[in-house]
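Dear colleague,

I am handing over the structure that we discussed, and below it you will find what came out of going through it. Please read the notes with the structure open beside them.

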Amino acid sequence: MNPTPCMVWLPADHRLMGDHGHQMPFLLLGDKYARAVKVGAQAQPVMFPLAEPDQISELLSMVDGVMLTGSPSNVHPSHFDEAVADPTLPLDPARDLLTLALVKACVHEGVPLLGVCRGFQEINVALGGTLHQRVQEVPGLMDHREPKAAPFDEQYAPRHTVRFKPGSVFETWAGGPQTEVNSLHGQGINRLADGLEALAHAPDGVVEAFAVKGARTFAYAVQFHPEWRCWETPFYAAIFEAFGHACRQRRSLRLQAADLARHTS
């Protein structure tokens, strides 16, 4: 019998979809994120549709890791005491309600956590940091957005260099002090949360990767998109391989605890 696979929780986006003037709510997960977990981390991606904050502890006991994905939507700026700067950009308050609490729970309970793009920003905001809502309008910062009309291969192509903190795990994964990454974001970190440590920066100083200080397990996030065909880029593949390893360690501990509970009951 095949062993139970590692399971990684990927929260859903909430979006209205439809045509002819009729829209209905959908719960969505991008294929590229689920596939990166399946192929890159060697784990089973799972969703808990309509999960609520008061269910987080119970649901975390069933999984081995959490990946906070990117999304077309942004974290609502009310969570860092700002008004909406551009009302044309999509928001997802239902996702915010879950994921900002989920971040804190993962850190507290030692659940492996990987954040990508929006997920990177969610972790920063959940732990008390702030965001630039329009990076491209901040003096001295680059335009980090992708060419939206271009084919996906061009949108996700390497866009700029990131330099890693010497001796950091990212330097190990990349095989050197810097590398090229893609860039598809309009928002970015303004003030880094006190509980985070910056491990990579873009040429303009924008934080591109961080770690949760004092984390008991894998707890990293990136502003770029390593999920895009992660198996084709050694650096991206290394991130998911390390995440998967941490998830398997948690799975082993979960199964040991369950076995012990059965024998002592």
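Helices (H or I, at least four residues) and strands (E, at least two) are taken here as DSSP runs and numbered from the N terminus. This is a predicted model, in which local features need pLDDT of at least 70 and side-chain atom pairs count only at pLDDT 80 or more, while totals for chains, interfaces and linings use all residues. Residues are numbered from 1 along each chain as its sequence is written, and side-chain values use heavy atoms, with hydrogens and water left out.

The protein has seven helices and 13 strands. Its radius of gyration (taken over C-alpha atoms) is 18 Å, close to the 18 Å that the globule rule (2.2 Å times the number of residues to the power 0.38) gives for 265 residues, so the protein is as compact as a globular protein of that length. Along its principal axes the C-alpha trace spans about 60 × 50 × 35 Å. Buried residues (under 20% relative accessible area, with exposed meaning over 50% and partly exposed in between, for a 1.4 Å probe and protein chains only) make up 47% of the 265 residues.

Helix H1 covers residues 31–40, and its buried residues are Tyr33, Ala34, Ala36, Val37 and Gly40. Seen down the axis of H1, these residues fall within an arc of 165 degrees (judged by the directions from the helix axis to the C-beta atoms), so they line one face of the helix. As background, an α-helix has 3.6 residues a turn, so residues three or four places apart point the same way. What covers the buried residues of H1, by contact (heavy atoms within 4.5 Å), includes strands S1 (7–9), S4 (44–46), S5 (65–68) and S6 (113–116), together with helix H7 (234–264). Just after H1, glutamine 42 takes a positive phi of about 55 degrees.

Two other residues that are not glycines also have a positive phi: histidine 20, at about 55 degrees, and aspartate 81, at about 60 degrees. Histidine 20 is placed in the loop between strand S2 and strand S3 (24–28) and counts as exposed at 73% relative accessibility, while aspartate 81 lies in the loop between S5 and helix H3 (93–109) and is exposed, with a relative accessible area of 74%. Valine 138, in the loop between strand S7 (131–132) and H5, counts as partly exposed at 23% relative accessibility.

For the open spaces, a 1 Å grid over the protein atoms alone was used: a pocket is an open set of points with protein on both sides within 12 Å along at least five of seven lines, a cavity is a set where a 1.4 Å probe fits but cannot get out, and lining residues have an atom within 4 Å of a point. Points are joined across faces, edges and corners, and a volume is the space filled by probe spheres set on them. The largest pocket has a volume of about 860 Å³ and is lined by 37 residues, of which Ser71, Pro72, Glu146, Lys148 and Leu184 lie nearest its centre. Strand S2 (13–17), H1, helix H4 (118–126) and helix H5 (152–155) each supply at least two residues of this lining.

The structure also holds three cavities of 30 Å³ or more, and the largest cavity has a volume of about 80 Å³. Its lining includes Trp9, His14 and Leu98.

With best regards
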